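Let us go through this structure step by step, from the terms in use to the chain as a whole and then to its helices and loops.

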Amino acid sequence: MTPTIPERGLKIGEAARVLGVETYVLRFWETQFPFLKPKHTRTKHRFYQERDVAVLRVIKRLLHDEGFTIAGANKHIKEFGIDALMTGKPAAKHAASAEAPERSTTPEPSASDGNARRVLNEVRRDLETIHKILED
């Protein structure tokens, strides 16, 4: 269930809670994704509108669930368009180029298979941990 966003928008702490991230993450993402521009008051307080929260959900999905780097996520968003990614329907003309080189170096399934990607990322992290233990 998506919480109702008040007309004034969500303060940064409220938006962070809704998304399940820390406030500093939202501030950092704002510096890395130029299209993310929440409203600022005269006292520099941020207010995230419904669209801002939807954009943040896409960014979080790309970075946390699908394993994109920030550069890769920016490229993916430019390629497919933020609106298409928010609706879950990437533009058909880009379907053949879903694999971005800025992603993790581990070969992974297509971007539409987020669950398999998460599993592979977990396996990779486990293998890296085992490798480090064996080196010590």
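Contact, in what follows, means that heavy atoms lie within 4.5 Å. The model is a predicted one, and every value below was computed from it.

With that meaning of contact in hand, helix H4 offers a place to begin: its buried residues pack against H2, H3 and H5. The buried residues in question are Gly 72, Ala 73, Asn 74, His 76, Ile 77, Glu 79 and Phe 80. Because its relative accessibility is 14%, and buried means under 20% relative accessible area, Asn 74 belongs among them. Once neighbours within four places in sequence are set aside, Asn 74 is in contact with Gln 32, Phe 33, Pro 34 and Phe 35. For one of these partners, Gln 32, the separation along the chain is 42 residues, while the C-alpha atoms of Gln 32 and Asn 74 are 8.4 Å apart. After H4 comes Gly 81, which has a positive phi, near 90°.

It helps to set this helix within the whole chain, which contains six helices and three strands and which, read along the sequence, runs in the order β-α-α-β-β-α-α-α-α. The chain has 136 residues, of which 36% count as buried, and its accessible surface amounts to about 8800 Å², with 55% of that surface belonging to carbon and sulfur atoms. When contacts between residues at least 6 apart in sequence are considered, 51% of them join residues at least 24 apart.

The next element to examine is helix H3, residues 50–65. Its 16 residues, at 1.5 Å a residue, should span 22 Å, and the C-alpha atoms at its ends are 21 Å apart, so the expected and modelled values agree. The buried residues of H3 are Asp 52, Val 53, Val 55, Leu 56, Val 58, Ile 59, Leu 62 and Leu 63. In a helix of the α type there are 3.6 residues a turn, so residues three or four places apart point the same way. The buried residues of H3 pack against strand E1, H1, H2, strand E3, helix H4 and helix H5. Just after H3, Gly 67 adopts a positive phi of about 75°.

How are helices H1 and H2 arranged with respect to each other, in angle and in distance between axes? Helix H1, residues 12–19, packs on helix H2, residues 23–32, at an angle of about 100°, and their axes are 8 Å apart. The angle makes H1 roughly perpendicular to H2. On the H1 side the contact is formed by Ile 12, Gly 13, Ala 15, Ala 16 and Leu 19, and on the H2 side by Thr 23, Leu 26 and Arg 27. Sorted by character, the residues of this contact comprise five nonpolar, two polar and one charged.

Two exposed residues complete the tour. Lys 44 is located in the loop between strand E2 and E3, and its phi is near 70°, a positive value in a residue other than glycine. The relative accessible area of Lys 44 is 63%, and therefore Lys 44 counts as exposed, the cut-off being over 50%. Thr 87, in helix H5, is likewise exposed, because its relative accessible area is 55%. Although Thr 87 and Ala 54 are 33 residues apart in sequence, the distance between them in space is 9.4 Å, C-alpha to C-alpha.

Notes
Residues are numbered from 1 along each chain as its sequence is written. This is a predicted model: local features need pLDDT of at least 70, side-chain atom pairs count only at pLDDT 80 or more; totals for chains, interfaces and linings use all residues. Side-chain values use heavy atoms; hydrogens and water are left out. Axes are lines fitted to C-alpha atoms, for helices over the stretch in contact, and angles run from 0 to 180 degrees between N-to-C directions. Helices (H or I, at least four residues) and strands (E, at least two) are DSSP runs, numbered from the N terminus. Angles under 35 degrees count as roughly parallel, over 145 as roughly antiparallel, 65 to 115 as roughly perpendicular and the rest as oblique. Ala, Val, Leu, Ile, Met, Phe, Trp, Tyr, Cys and Pro count as nonpolar, Asp, Glu, Lys and Arg as charged, and the others, Gly among them, as polar. The expected span of a helix is 1.5 Å times one less than its number of residues. Buried means under 20% relative accessible area, exposed over 50%, partly exposed in between (1.4 Å probe, protein chains only). Accessible areas come from the Shrake-Rupley method with a 1.4 Å probe; for residues, only the protein chains shown count as cover.
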